[in-house]
Amino acid sequence: MATQHSRSAARIMIAPAVFLLLVWMLIPLCMTLYFSFADYRPLRATFEAWIGFDNYVRFLSSSSFLSAVGTTLQMVGGILFITIIGGVFMALLLDKQMFGQGIVRILVIAPFFVMPTVSALVWKNMFFNVDNGLFSYLYKWMGLQPYDFLSQAPVFSIVIIVAWQWLPFATLILLTAVQSLDSEQLEAAEMDGAPAVSRFRFIILPHLSRAITVVILIQTIFLLSIFAEIFVTTNGAFGTRTLTYLVYQRVLESQNVGLGSAGGIIAVILANIVAIFLMRIVGKNLDN
Amino acid sequence: MSINKMLLTSTVGLGLFAGIAAADGHAKTITIATVNNGDMIRMQGYTDQFTEESGIAVEWVTLEENVLRQRVTTDITTNGGSFDILTIGMYETPIWAANEWLLPLDDLSDDYDAADILPAMANGLSYEGTLYAAPFYGESSMVMYRTDLMEEAGLEMPDAPTWDFIAEAAAAMTDRDAEINGICLRGKAGWGEGGAFITAMANSFGARPFDENWTPQLDSEEWANTLNFYKDMMDASGPAGYATNGFNENLSLFQQGKCGMWIDATVAASFVTNPDESTVADSVGFTLAPDNGLGKRSNWLWAWALAIPAGTQQEAEAKQFIEWATSKAYIELVAENEGWANVPPGARTSLYENPEYQEVAFAQKTLDSILSADPTDPTVDPVPYVGVQFAAIPEWAGFWTEVSQEFSAAYAGQQTVEEALEKAQAITEEAMEAAGY
Amino acid sequence: MARAVSTKQKVIWTALAWTFGLLMFFPILWTFLTSFKTEGQAIADPPVWFFFDWTLENYSAVQERSNYPKALMNSIVIAVGSTLLGIVIAVPAAWAMAFVPGKYTKDVLLWMLSTKMLPAVGVLYPLVLLAKWLGVIDSRILLVVVLMLINLPIIVWMLYTYFREIPGEILEASRMDGASLKSEIIYVLTPMALPGIASTILLNIILAWNEAFWTILLTTVNAAPLTAFIASFSAPEGLFYAKLSAASMMAIAPILIMGWFSQKQLVRGLTFGAVK
């Protein structure tokens, strides 16, 4: 269908974006790659350009590496779980006829507009804080001992904070999908006496599958790099150190740029493995 | 859609306008990176006076401590040249000076009277005998306690308490129903938070992070004693979430009357005795940090100081500002406007010789605390480093933060003290090996 | 939504939706309320809700301590600038991918998305050194470019999915009529894709507004946006909940208001190609 002419025009039009992203990706990536083979510790004024794979060996063999990978998976998985379940529920709910629909929608999507630093600060100080937090008052009001969320359930607490921010995003995408649902088909099923559960299971859920995949893909990309929420709340303590945070500790706290760069490269490789896996699914979805 | 469009065009318009508006400015402007502590914020309030006197405008970059460290360290290690003055501490100063990243402050004017800086502070902020950062305020740590609660418990605070007495007093003062915790201490992870406290405490228990040959010593009995004592005492008499409490959390607890005792930075004394902020202002007593009879007390030494990065284009102006901000005159300026209790403490000898300042309740104890901390001889057994609650080596901030994370996890009951120390030893060994010791 | 719904049902849905809506919104509401309390009231036990002496002192304290208008301007310039720049670069690329798909189009698209996987801190030193070498640290243009590059994959992806929804026949027809490529894009394609472009812009303004790593580490004074403004209030000595709340409200209010006006657009447009 496309002519030779429009094909070359297309190439020219893609060029700027591809070129920029290539530059953006390659220059810092190559420098990181270069540093990852170097003994680069700025605070010691050390720079030795080639020390082989020492940094990689050190990073991979450190006991913190595997636990960081585990924490990352736990955290991303937990957030995805909450946002998808919650998102489907909220999307179905917001699609119903009700009074003040517009206002409710704004209330629900509002958390998405809040900066991660702000939401982490607000949750940490005004909700989770065991002495002055609102949850503690709630516990006391119910006659319970206040619970120290951030030290007793640290990963869960961070999952809650991040899920709160991303639930609106999932809801929005799923809501558009719900709105495109064929209501006649649903009505017919209802006439036939299909119970609500099976209507959901056999009509709604399959229709939403594509949207759910998109939510998983986009969110995973953002969630793999969550940083502010951990930095503000626990500083990586109590087993909340993700791979991104571990790299941060190596680069900035320990000022071992070589080691941190090796960690960064490893993180990129791992993230891309996850991404390729996810994209296969979405890519298939894009085809049909 | 039309609303969106309107919104967008107007925001873009505003943005362009702002771009133009930002173009003007003073001929001479210095940029200062600082931490958002009360004394620094107060100093910002007085900068107009400095600008008036000198004609030099000042731009402030005020950041929370951890963010400030990231920003400033990245800048200095890449020679970024974004700042003309940096607010740094005793830990950074000798390390950065050794790399020639800071300009020496050896030619300050006679008026400034550099000899008046407390020797403990001057030593900690010098490298090879040359001053590289001027202390804005200095601190040690001491016990702040509620005189009314002590009396109720039928106890009397000695001038130099032992840890056993502190634990006993803490238990006696604790009243869970009235939400009074006998003792509040830092447990929050971070080398400058709980990590600093436990290291200083370990000093008084005869523990040390390394021996003379830099061999990590966290598997020693002394460390186990330190941590067990801390945890037992805090579990019995501390606040519920002590594993996540740092300076700020404890300060607000104490100000709300929820702590019987609090061992922390001497600068906190002026906050807890300030009736505007503290509900217990008129019943606070002060005493030296506890010991174990081994010859070392558990107090630390720290200073927030102003330094000039080597890459600055405005050395003279920066020096002028530092001389102004850390001068005797500045102290008097604050005293005049806000009272003697609120002047930046712990930097100058003359302040403690001032009869007016001696009347401030915590002045003498602060000085005694500062004088009893010796960065060159911090531990019972000898160590190869300088620093009381830290070792002034570049790797410390990194691995000690990780170590303190293991400690915090033990405080929170996620692992035993033994497990935490085992991991801490491994972390330290790994870090020291990587550093080439 | 052709079905008539009984009032009773409607009331039930309303109650349920409002409950969850308020639950989601509650942290923001609580921050809002706290920002008008004194520091003492902010931590009062039991908590005070609506009936207290509302005070503006926190806002004026925050205002006094920092240059809010400047930070706000920087945030606006950086968020809007990076988004518009991204759109200008992404529209042609997305157009080409959607209407003249080649053998590798999908691979290029997925590769673009994968560039977002670079952990920011891993490339901190390279980027800071580069910025320093170019002499652009603490300039808005640096942040505009960096944030544009960070979000470009998302922009291209979103636009691509919108463009694909447009039936190819319409373009064919306009080509038959002799429209040039340029006029095809401007007069035929853009009007049809406008809702999609609008929601892409909105989403990316939000993302850029909230970016808090590079915006702090690459700025000092001139280009420091609201994220840096917040970093100076996060944990000062003493009681700070009320002031923190005031600063937080000041940082999120502009984007919240923008979101308020554009929520219909967002609800309709945020599909990422999820709807067929």
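Biologist: What span should the 19 residues of helix 18 (residues 417-435) of chain B have, and how far apart are its end C-alpha atoms?

Modeller: The expected span is 1.5 Å times one less than the number of residues, so helix 18 of chain B should span 27 Å; its end C-alpha atoms lie 26 Å apart, which agrees. Helices (H or I, at least four residues) and strands (E, at least two) are DSSP runs, numbered from the N terminus. This is a predicted model: local features need pLDDT of at least 70, side-chain atom pairs count only at pLDDT 80 or more, and totals for chains, interfaces and linings use all residues. Residues are numbered from 1 along each chain as its sequence is written, while chains are lettered from A and ligands numbered from 1 in the order in which they are written.

Biologist: Which residues of helix 18 of chain B are buried?

Modeller: Buried means that 20 or more other C-beta atoms lie within 10 Å of a residue's own, with C-beta atoms placed from the backbone. Among those that qualify are Val417(B), Leu421(B), Ile427(B) and Ala434(B). The buried residues cover an arc of only 165° around the axis (taken from the directions to their C-beta atoms), which puts them on the same side of helix 18 of chain B.

Biologist: Why is strand 10 (residues 301-307) of chain B called largely enclosed?

Modeller: Seven of its seven residues are buried, so the rest of the structure largely encloses strand 10 of chain B.

Biologist: What makes strand 3 (residues 85-88) of chain B a partner of strand 10 of chain B?

Modeller: Pairing requires at least two DSSP bridges; three join these antiparallel strands, so they pair.

Notes:
Buried ≥ 20, exposed ≤ 12 C-beta atoms within 10 Å, placed from the backbone.
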